[in-house]
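New to this one? Have a look at the model below, and then we'll walk through a few of its features together.

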Amino acid sequence: MSESALPNDQGLRPYYRRDQRDGVSPPDLSKACTYAEHIVHARGKRTQFTSVSLDLMKIRDFGDTDYRLKREETERDGHKLVEHEALLGELQRVARDEQRAERQRAIQALRYAMRRLEGLVRWNFDTSAVVRKDLIPWARDKVRAYFTRV
Amino acid sequence: MDELFSCRNCIHNCSQSLHIGQGIGFCLKHDSVIREPSQTTCKYLHRKDLPQFVVDEGVREHAGEFAFFPGLVSLTMKQPIERVRYSERFVWEHGSYDPLVNAIAQYYKTNPHWAFIQGFTGGTDGRRSLTYSAFVRRYMDTCETWRSSYRLVLALVDEIDEDPRFDTRSIVVRNGDDPDVVMQEALWDVVFTRISGLQEYGYHAGLENVMWATDSLNGSLSELNWPTLRVELSKMRLLWTKQIAAHAQEHGVFFPKPEDEYVSNTDE
């Protein structure tokens, strides 16, 4: 495990993201999908989730700027951080118990998630007053508040 | 992970994958050299890592995103990339010769194309095996039928349990990567490209259990355990071979002429 994956003072391991210089890419909160669909991009590049990693070195192809997830604030505000091990556990379950496309996507997702030491953030914003077509730009500022540049 | 949408993960750039093939690539769709395969894409992307029919929504969305570009495009900057014709002289003069890219670039000079593709079968070279699997998949995709592909797919199935080998010149080891880990990932790039090819054949031929071949591979695939998966693939190879041959016989397309010299009008 690299130094960047060591826990902080609260015993919480930091999660990172590499993304574009002007900030973290917004999720598409209207696109509900499974963990596996998100990881293999089966339903497109943006979904309701944001991928993060325990090790910046493992996610170099995501962009050129490094960010750290403010995980205490994220969880305090009701968003869900799916930890790396929990993510692998769920993908393993789907790969074992499901069939056809779901199973297949889970197998490949397992491989990618292991390699990238990946975790996921599932955002729980109240979007009831947001028009669907505005969801992505709306989410941009909301999500960026939970990341800090490193 | 945008690299999944790059030319590295596209069947039209046969000899490269996320972890295989250093240097330039070659796109058969655009008949062009790809200078930066990890940073290049286009609207015709057909992923190597999974069968098209399990990622079709994402691929359609990607095609829409790049719809207004006629050719190759920079993946991150979204700027058009000029087509570069392959020149054997140029690659020798600039120290970028690659034997597989050199061979693939001759594709449109040969006829029939399926005979050229057959030349990539066999052997244990992982990169060559990747190339063959990608070639078969794009041939099927271009023809949009199984009828002209069954013979190529039989050969693909025949090597489906072969242990792909790599030397350090074949794999892409980036700064900080462990070469042994990359070697292992390269192996999975080949294995998934092969299996996805078989599944796409199942889709075209309407063979349900071939289309979902991964469901026949018990725990070893989901555990990403190559030695045990290899044993399972060896067993399934015989069954898939029989089934594909029998299906082609049923439909009267299994080597209908004894000398097998005809070229069907559905060939590329």
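Two helix axes count as roughly antiparallel when the angle between their N-to-C directions is over 145 degrees. Keep that in mind for a pair of helices in chain B of this predicted model.

The pair is α5 (residues 126–143) and α6 (residues 150–158) of chain B, whose axes come within 10 Å and cross at roughly 155°. That angle is why α5(B) and α6(B) are roughly antiparallel to each other. The crossing of α5(B) past α6(B) is left-handed. On the α5(B) side, B:Tyr132, B:Ser133, B:Val136 and B:Tyr139 make the contact, and they meet B:Leu152, B:Val153 and B:Leu156 of α6(B). Sorted by class, that contact has six nonpolar residues, one polar and no charged ones.

Staying in chain B, find B:Thr76 in the loop between β4 (73–74) and α2 (88–93). B:Thr76 has 16 other C-beta atoms within 10 Å, so this residue is partly exposed. B:Asp2 is 74 residues away from B:Thr76 in sequence, yet their C-alpha atoms are 8.5 Å apart in space.

Now for chain A. Its five helices and six strands follow the order β-α-β-β-α-β-α-α-β-α-β from the N terminus. Some overall values:

| Feature of chain A | Value |
|---|---|
| Box filled by the C-alpha atoms, along the principal axes | roughly 40 × 40 × 30 Å |
| Buried share of the 150 residues | 41% |
| Share of contacts with a separation of 6 or more that join residues 24 or more positions apart | 75% |

Is chain A compact or extended? A compact globule of 150 residues would have a radius of gyration near 15 Å, and chain A has 15 Å, so the two agree.

Note on methods
Residues numbered from 1 in each chain as written. Chains lettered and ligands numbered in written order. Predicted model: local features only at pLDDT ≥ 70, side-chain atom pairs only at ≥ 80, totals over all residues. Helix = DSSP H or I, 4+ residues; strand = E, 2+ residues; numbered from the N terminus. Buried ≥ 20, exposed ≤ 12 C-beta atoms within 10 Å, placed from the backbone. Axes fitted to C-alpha atoms, helices over the stretch in contact; angles between N-to-C directions. Parallel < 35°, antiparallel > 145°, perpendicular 65-115°, else oblique. Left-handed = near helix turned anticlockwise from the far one by under 90°. Contact = placed C-beta atoms within 7 Å. Nonpolar A, V, L, I, M, F, W, Y, C, P; charged D, E, K, R; others polar. Rg over C-alpha atoms; globule rule 2.2 N^0.38 Å.
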